[in-house]
Amino acid sequence: MKFLLIASNRDPASKNIAKCIREEFGVDVFEVEKELLSITSDDLEKAHYYIFLSKHRSKAGKPSLTVHTPGNLTENNEFGGNPKEVCPSDAILNTLLLKNIYNTYMEFHELGKIGNFDVSFEVVHHSPTDLKSPTVFVEIGSTEKEWCLKEAGEIIAKSVLDTIEMIKSKNYDRKIKAVGFGGGHYAPKFTKLALSGDYYFSYLVPKYCSVDEDVLNQLFKKTDVDIALIDWKGCKGEDKKRYVKFFEKEGIKWEKI
């Protein structure tokens, strides 16, 4: 079982995390000389899982540690990749990463080693889109100060390696695996459900993206899940109708949350 950890020498957060992984844990990282969002499948070795070590930007500039699957849910491919294409996603990988990052962050924070950070999922967005194995981004946000913070790099490094060990040894609980629909970019409801231990989440689709049937098909063919969960108050009425119609046509179990 091969996990490829990918870092860009053009990304300060990526370099920070990669340095911690190499120097503190003695684990190799696959380094590239281009931006992570410029990568395609041709740039990478074949692997069972791809984990991108990345910076995160936001207008608010809040310190954050985030996890998400890459892909383009609509025709908009402003940030690279192919329109209406998503990478495969693994609900267990994504959620174990989130929980390990949160738990490690809390340990650091309680010891006074790091200040206040938000820990959350993000919804599906940006490239790459054409990889053939489950893919996830783990990110430090949201400014140069946080990208280069050694403690933030250590939290992500330790969490990534702990997660890999858990998956290789199958040392995790069985839970319901889900795709989530609705809510904002940082998926607060699904983040809370994941951290409380109720579910494993793969793809998360925000309210601001209305995905068509082509993409809906990908969301259930490129992952292994048990159910679709709809944030009922956080989803547009017309989208809810279309999604439910699709789920019932395809025999996909769904629930309101």
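**Entry 1. The largest pocket**

I looked up the largest pocket in this predicted model and recorded about 830 Å³ of space in it. I noted 28 residues in its lining, and those closest to the pocket centre are Leu37, Phe79, His125, His126 and His185.

I then asked which strands supply at least two residues each to this lining. Strand S3 (49-57), strand S5 (71-72) and strand S8 (135-142) do so. S3 provides the largest share of the pocket lining, with 4 residues. Sorted by class, the lining of the largest pocket holds 9 nonpolar, 11 polar and 8 charged residues.

**Entry 2. The cavity**

I next turned to enclosed space. Rolling a probe the size of a water molecule over the atoms shows where empty space is left. The search of the whole structure returned 1 cavity of 30 Å³ or more. I recorded about 30 Å³ of space in the largest cavity.

Strand S4 (64-68) and strand S10 (199-205) are the elements that give two or more residues to the lining of the largest cavity. S10 contributes the most, with 3 residues. I listed the lining of this cavity as Val67, His68, Thr69, Asn94, Phe121, Glu122, Val123, Val124, Ser202, Tyr203 and Leu204. By class, I entered 6 nonpolar, 4 polar and 1 charged residues for the lining of the largest cavity.

**Entry 3. The sheet that contains S10**

As S10 had appeared in the cavity lining, I followed this strand into its sheet. Strands of a sheet pair through backbone hydrogen bonds, either parallel or antiparallel. Here I found an open sheet of 4 strands in the order S10-S9-S11-S12, with parallel pairing. Which strands stand at the edges? They are S10 and strand S12 (254-256); each has a single partner strand, so one side of each is left without a neighbour in the sheet. I noted an average twist of 30 degrees from one strand to the next.

**Entry 4. Strand S9 and its partners**

I examined S9 against each of its partners. S9 and S10 pair in the parallel sense over 5 bridges, and Ile176 has Tyr199 in S10 as its bridge partner. On the S11 side, 4 bridges join S9 (residues 176-181) to S11 (residues 227-230), again in a parallel run. Phe181 stands opposite Ile230 of S11.

I also asked how many of the 6 residues of S9 are buried. The count is 5, so S9 is largely enclosed by the rest of the structure.

**Entry 5. Helices across the sheet**

I checked which helices lie across these strands. Helix H2 (residues 91-110) lies across S9 and S10, and I recorded an angle of about 100 degrees between H2 and S10. Helix H7 (residues 237-250) lies across S9, S10, S11 and S12, running at about 165 degrees to S11.

**Entry 6. Leu195**

I closed with one residue, Leu195, which lies in helix H5 (residues 188-195). Is Leu195 buried, partly exposed or exposed? Its relative accessibility is 26%, and Leu195 therefore counts as partly exposed.

Leaving aside neighbours within four places in sequence, I found Leu195 in contact with Leu98, Lys99 and Tyr102. I also compared Leu195 with Lys222: the two are 27 residues apart in sequence, and their C-alpha atoms are 24 Å apart in space.

Methods: Residues are numbered from 1 along each chain as its sequence is written. This is a predicted model: local features need pLDDT of at least 70, side-chain atom pairs count only at pLDDT 80 or more; totals for chains, interfaces and linings use all residues. Side-chain values use heavy atoms; hydrogens and water are left out. On a 1 Å grid over the protein atoms alone, a cavity is a set of points where a 1.4 Å probe fits but cannot get out, and a pocket is an open set with protein on both sides within 12 Å along at least five of seven lines; lining residues have an atom within 4 Å of a point. Grid points are joined across faces, edges and corners, and a volume is the space filled by probe spheres set on the points. Ala, Val, Leu, Ile, Met, Phe, Trp, Tyr, Cys and Pro count as nonpolar, Asp, Glu, Lys and Arg as charged, and the others, Gly among them, as polar. Two strands pair if DSSP finds at least two bridges between them. Axes are lines fitted to C-alpha atoms, for helices over the stretch in contact, and angles run from 0 to 180 degrees between N-to-C directions. Contact means heavy atoms within 4.5 Å. Buried means under 20% relative accessible area, exposed over 50%, partly exposed in between (1.4 Å probe, protein chains only).
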